[in-house]
Amino acid sequence: MAQKKIIAVLGATGAQGGGLVRAIMNDRAGDFTARALTRDPHTDKAKELARLGAEVVAADVDDLASLQRAFNGAHGAFCVTFFWAHFSPERELANATAMAEAAKHAGLRHVIWSTLEDTRRWVPLSDNRMPTLMGKYKVPHLDAKGEADGVFTRLGVPTTFLLTSFYWDNFIYFGMGPKKGPDGKLAITFPMGDKKLPGIAAEDIGRCAYGIFKKGQELIGKTVGIAGEHLTGTQMAAAFSKALGKEVNYNSVPPEVYRSFGFPGAEDLGNMFQFKRDFEEYFCGARNLGFARSLNPSLQTFEQWLAQNKDRIPLE
Ligand SMILES: NC(=O)c1ccc[n+]([C@@H]2O[C@H](COP(=O)([O-])OP(=O)(O)OC[C@H]3O[C@@H](n4cnc5c(N)ncnc54)[C@H](OP(=O)(O)O)[C@@H]3O)[C@@H](O)[C@H]2O)c1
């Protein structure tokens with residue numbers, strides 16, 4: 001049997017990377033095997049990946065030498081940064097730069113960079129429709145990812161740029177699930193008006209990434225956008241009502257109200273949703289549902305995701 005090609009996966013114990021490790025290891029007849037990168041190979045999550053057959057290797061994205069060691073001998077790598085662990089776009093850019101340098105150093109043949117738009121291309125800092133944040137960003141947790149695209153390109157790393165979408169899992173883990181309003185009724189709140197929000201089951205991101213690695217050369221140098229569905233707030237609320245068997249409404253608020261909610265990252269997310277609202281046609285257009293499904297035939301719809309996950313969504 002030919003030797004399997006190793007894919008080094010960052011964030012392997014997390015949402016995106018975890019989905020990729022599981023997709024690779026569950027395809028026993030496939031050409032690839034996963035090297036799961038984690039800061040601590042002794043955690044239960046890391047051991048679970050080892051149990052699937054993945055090689056588990058220690059690496060820290062803040063430590064270039066550890067990335068170089070972790071990428072050595074691999075065919076490819078899945079690169080993702082962890083904004084919500086530190087809230088620093090500068091650190092994201094530095095981490096992505098280290099990943100690109102390590103990929104070049106190791107001579108990787110195919111890298112997937114999990115990126116998002118640098119919204120400043122659409123909304124320059126001089127555009128006052130939304131506030132400038134942290135001095136030089138409109139949407140800090142998107143802009144630095146988009147800025148890092150140029151680093152992979154400049155270094156000549158054979159990269160597929162993967163534009164991800166809002167995880168529906170945010171309804172479980174990110175406090176975005178239905179909440180009771182003053183009228184006692186459950187509602188989800190977004191500053192999206194009647195515009196569509198591309199969303200995806202987080203697990204499907206890794207499965208799509210696996211589809212990209214399987215296509216090989218074809219998608220190198222390309223930007224690939226993925227989503228499970230593009231849904232309005234009203235459509236998501238209707239799906240919630242059906243899945244939960246109780247009325248859930250959509251509470252559409254202006255972006256400035258969302259920005260004022262006060263939780264960590266509220267301004268950043270308020271700007272992000274406003275960007276997705278104001279540039280709906282571009283943003284949805286860049287995330288092709290049919291192509292995502294061709295990469296990952298088991299791509300879930302929101303209704304399917306809710307059927308599997310509704311009991312995990314905290315309800316007040
Ligand atoms: N939530 C959304 O809707 C959404 C949508 C699109 C994109 N994103 C982006 O997704 C990114 C996060 O990806 P995710 O959701 O897959 O992450 P995640 O589930 O939060 O998991 C991140 C994993 O990364 C690892 N990690 C954290 N710091 C690390 C470091 N210094 N070195 C090496 N590994 C480290 C941790 O593993 P160990 O503890 O095992 O080291 C952790 O399990 C963010 O940048 C976010 O902006 C989020």
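Which loop does Phe87 lie in? The close-ups below, taken from a predicted model, start there.

**View 1. Phe87, a non-glycine residue with a positive phi.** Phe87 sits in the loop between helix H4 (83-86) and helix H5 (89-105). Its phi is near 60°. As for solvent, Phe87 comes out as partly exposed, because its relative accessibility is 33%, which falls between the 20% and 50% cut-offs.

**View 2. Met134, another residue other than glycine with a positive phi.** Here phi is near 50°. Look for Met134 in the loop between strand S5 (110-115) and helix H6 (140-154). With 47% relative accessibility, Met134 also gets the partly exposed label, so the 50% mark for exposed isn't passed.

**View 3. The second largest pocket, with about 320 Å³ of space.** Its lining is made up of 19 residues, and those closest to the pocket centre are Gly177, Lys179, Ala187, Ile188 and Thr189. Strand S8 (179-180), strand S9 (186-190) and strand S13 (248-252) are the elements that each put two or more residues into this lining.

**View 4. Who lines the second largest pocket, by strand and by class.** S9 is the top contributor to the lining, giving four residues. If you're thinking about chemistry, the lining of the second largest pocket splits into nine nonpolar, six polar and four charged residues.

Technical notes: Residues numbered from 1 in each chain as written. Predicted model: local features only at pLDDT ≥ 70, side-chain atom pairs only at ≥ 80, totals over all residues. Heavy atoms only, no water. 1 Å grid on protein atoms, 1.4 Å probe; cavity = no way out; pocket = protein on both sides within 12 Å on 5 of 7 lines; lining within 4 Å. Points joined across faces, edges and corners; volume = space filled by probe spheres on them. Nonpolar A, V, L, I, M, F, W, Y, C, P; charged D, E, K, R; others polar. Buried < 20%, exposed > 50% of the residue type's maximum accessible area, 1.4 Å probe, protein only.
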